[in-house]
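Thanks for sharing this one. Here are a few notes to read with the model open beside you.

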Amino acid sequence: MNDYENLQRLAETKDERSYQYKESILGSWDKDRVERWEKIRDEVLRKPTIANLTETEFSELYIELPEKANKYYFLDSHYPHQENKLLKYSFNQQIGYKCISAHSVLLPQMLEIPGVREYFNENGYAVFFEPNKYMLSESILKSIYQGALGEVVGRCIIEKKLLEILGLRFENLPIKSYEKFDNKIKDIYFDFKNWNGSFTPTLSSKISNIRRKMKLTQADKLVVVNVLKPNFEVKPYLVTIDGAILMLPYLYDIQKREWNYEGLKKLYSVLQS
């Protein structure tokens, strides 16, 4: 086995370990686990790549690359890999593999939103993936980084656009509700999303799971917020018949460089009531 293939296999092992590490924290939340989870989410936004594992206390979240880089390739789940006995990770582009990079988790797209790049610079979050010897595993980028990115950007926009005007602020969730949703304002819960351009954000496809989580947290009202407009036309907002759930399919359209003012106005009226 050559060094390249050895790193591929090691990346697979690290990916599984990073997933298991994440799963070991999730579930039965307490104060210590919440603090650790918040620290991890903050760390991945600051350090999507690192030069050395000594730079982080969460070394299990990173895979080693053959040389300094800011991307790698991961086997597409739709590709017939079992028949071909392909490894999940590749460090060169090839058929059946998708590129994993800052672009695939929507970082450059998020930074096109007015005010977001400045906010990231002020808070020490990475505004690009620096070429380095280590990079977050695919499972961590997908399950932690991308969600944290959507929450941080969505929260930043709503704070600047609405909350400062209304004199309101986001509150942390009580431990019993932690990670079922993201934040709350008074009795209104928020769930931020970072859906990619091909995802169809519909209430009907998510309603049963949303209702279940609302029942568990005893939430009467929920706002679901996706940050970037998908690459097809959507309504500025969607509301359930009982008014308990409001969904904003996007906050900003980077193609037209326009805010979803109609959706923001609707959210403004909900927060005022």
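The points below cover a buried lysine, the salt bridges and the largest pocket.

1. A word on the source: this is a predicted model, so please read each point as a comment on a prediction.

2. Lys14, in helix 1 (residues 3–25), deserves a look. Lys14 is buried but has no salt bridge; Glu64, the nearest side chain of opposite charge, is 7.6 Å away. What does the side chain of Lys14 reach at 3.3 Å? The backbone oxygen of Ser59. Leaving aside residues up to four places away in sequence, Lys14 touches Ser59, Glu60, Tyr62 and Ile63.

3. The whole structure holds 19 salt bridges. Among them is Arg257 with Glu112, whose closest N and O atoms are 3.4 Å apart. This pair joins distant parts of the chain, 145 residues apart: Arg257 sits in the loop between strand 12 and strand 13, and Glu112 in the loop between helix 4 and helix 5. Arg257 is exposed at 53% relative accessible area, while Glu112 is partly exposed at 35%.

4. Helix 6 has a salt bridge of its own, between Lys142 and Glu138 (3.8 Å, N to O). The two are four residues apart, about one turn of the helix. Lys142 is exposed, with a relative accessible area of 55%, whereas Glu138 is buried at 6%.

5. The largest pocket contains about 1000 Å³ of space. Its lining has 37 residues, and Lys142 is one of those closest to the centre, together with Ser143, Gln146, Gly147 and Asn194. Helix 6 gives the largest share of the lining, nine residues.

Definitions and conventions: Residues numbered from 1 in each chain as written. Predicted model: local features only at pLDDT ≥ 70, side-chain atom pairs only at ≥ 80, totals over all residues. Heavy atoms only, no water. Buried < 20%, exposed > 50% of the residue type's maximum accessible area, 1.4 Å probe, protein only. Lys, Arg positive; Asp, Glu negative; His and termini not counted. Salt bridge = Lys/Arg side-chain N within 4 Å of Asp/Glu carboxyl O. Polar contact = N/O pair within 3.5 Å; in protein donor to acceptor, adjacent residues only side chain to side chain. Contact = heavy atoms within 4.5 Å. 1 Å grid on protein atoms, 1.4 Å probe; cavity = no way out; pocket = protein on both sides within 12 Å on 5 of 7 lines; lining within 4 Å. Points joined across faces, edges and corners; volume = space filled by probe spheres on them.
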